[in-house]
Amino acid sequence: MDNPRMQECTICGDERSAEQVWFLVAESHWEDKLKVLEWRDELARRQGIYPACSAGHVEELVIHWMTTGSLDYPFATVGHKPGKHTRGVGSFLPTIEEPDTRGARQIGELAIDRECVRRALKDDPGSLRVILDELVHALQRETTGTTARLESADAMSYGFPREI
């Protein structure tokens with residue numbers, strides 16, 4: 001399940017060095033949720049886990065996920081992790097494996113209602129800015145030190161309301 005390749009940012013392809021603060025992003029297809037996790041080398045190699053080198057690149061992944069329903073970023077310089085979508089025996093539809101996030105400290109979680117997001121994107125795309133701004137602030141606090149991390153541990157738990 002682990003992939004021994006070098007850890008690279010899903011968005012820009014930069015390689016991670018040991019002293020850098022990076023993040024991991026994983027999606028739950030069945031619950032329509034997105035998790036932002038603290039970096040752990042062993043998790044970064046698991047399928048369905050997407051590394052991001054900065055808060056801005058996490059934000060870019062979140063925007064892509066909110067608008068498309070997938071973290072498979074089309075212009076990513078990092079190749080698709082094999083085995084994410086596999087065919088079931090005797091099935092014509094692919095089965096989707098949920099990423100294994102055990103052992104990770106969750107920084108935040110985003111759960112949305114797809115229909116509300118579509119409506120918000122059509123009527124007032126700026127209304128989603130509040131969610132994205134808080135996401136970036138929480139991730140920036142993560143990079144500033146231990147005290148800020150403790151304050152932000154629960155700061156990024158969102159649910160997109162059923163009605164806007």
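This is a short tour of a predicted model, with a series of selections to make in the viewer.

**Stop 1: helix α2**

Start by selecting residues 55-68, which make up helix α2. How far apart are the end C-alpha atoms of this helix? They are 20 Å apart, which agrees with the 20 Å that 14 residues should span at 1.5 Å a residue.

Now colour the buried residues of α2: Ala55, His57, Val58, Glu59, Leu61, Val62, His64, Trp65 and Met66. To see what covers these buried residues, show the strands β1 (23-28), β2 (33-38), β3 (49-52) and β6 (106-111), which are part of the cover. The cover also includes the helices α3 (114-123) and α4 (129-142).

Step past the end of the helix to Gly69, which follows α2 and has a positive phi, near 85°.

**Stop 2: two residues of α2**

Select His57, a residue of helix α2. Is His57 buried or exposed? It counts as buried, because its relative accessibility is 17% and the cut-off for buried is under 20%. Leaving out residues up to four places away in sequence, His57 touches Cys9, Ile11, Cys12 and Ala52.

Next select Met66, which is also among the buried residues of α2. Beyond its neighbours within four places in sequence, Met66 is in contact with Leu110, Ile112, Arg114, Val117, Leu128 and Leu132.

**Stop 3: the largest nonpolar core**

Keep Met66 selected and add Val58, Leu61, Val62, Leu110 and Leu139; these six have the most contacts inside the largest nonpolar core, which has 36 residues. The elements that give two or more residues to this core are β1, β2, α1 (41-44), β3, α2, β6, α3 and α4. Which element gives the most? It is α2, with 6 residues. As general background, nonpolar side chains in soluble globular proteins tend to be buried together.

**Stop 4: strands β2 and β6**

Select β6, residues 106-111. Of its 6 residues, 5 are buried, so this strand is largely enclosed by the rest of the structure. Add β2 to the selection: the two strands run antiparallel and are joined by 5 bridges. For one position along this pairing, pick Leu34, whose bridge partner in β6 is Leu110. Leu110 has already appeared on this tour, as a contact of Met66.

**Stop 5: Ser28**

Move to Ser28 in strand β1. Ser28 is buried, with a relative accessible area of 12%. Not counting residues up to four places away in sequence, Ser28 touches Lys33 and Glu98. Show the side chains of Ser28 and Glu98, which make a polar contact with each other at 3.1 Å. Then pick the C-alpha atoms of Ser28 and Ala111: these residues are 83 places apart along the chain, and the two atoms are separated by 9.5 Å.

**Stop 6: the aromatic pair**

How many aromatic pairs does a search of the whole structure find? It finds 1. Select Trp22 and Trp39 to see this pair, which is edge-to-face, with 5.6 Å centre to centre and 85° between the planes. The pair links distant parts of the chain, with Trp22 in the segment before β1 and Trp39 in the loop between β2 and α1, 17 residues apart. Trp22 is buried at a relative accessible area of 2%, and Trp39 counts as buried at 10% relative accessibility.

Note on methods
Residues are numbered from 1 along each chain as its sequence is written. This is a predicted model: local features need pLDDT of at least 70, side-chain atom pairs count only at pLDDT 80 or more; totals for chains, interfaces and linings use all residues. Side-chain values use heavy atoms; hydrogens and water are left out. Helices (H or I, at least four residues) and strands (E, at least two) are DSSP runs, numbered from the N terminus. The expected span of a helix is 1.5 Å times one less than its number of residues. Buried means under 20% relative accessible area, exposed over 50%, partly exposed in between (1.4 Å probe, protein chains only). Contact means heavy atoms within 4.5 Å. A polar contact is a pair of N or O atoms within 3.5 Å; within protein, one must be able to donate a hydrogen and the other to accept it, and residues adjacent in sequence count only if both atoms are side-chain atoms. A nonpolar core is a set of buried Ala, Val, Leu, Ile, Met, Phe, Trp, Tyr and Cys residues joined through side-chain atoms within 4.5 Å. Two strands pair if DSSP finds at least two bridges between them. Rings of Phe, Tyr and Trp (its six-membered ring) pair if their centres lie within 6.5 Å; planes under 30 degrees apart count as stacked, over 60 as edge-to-face and the rest as tilted.
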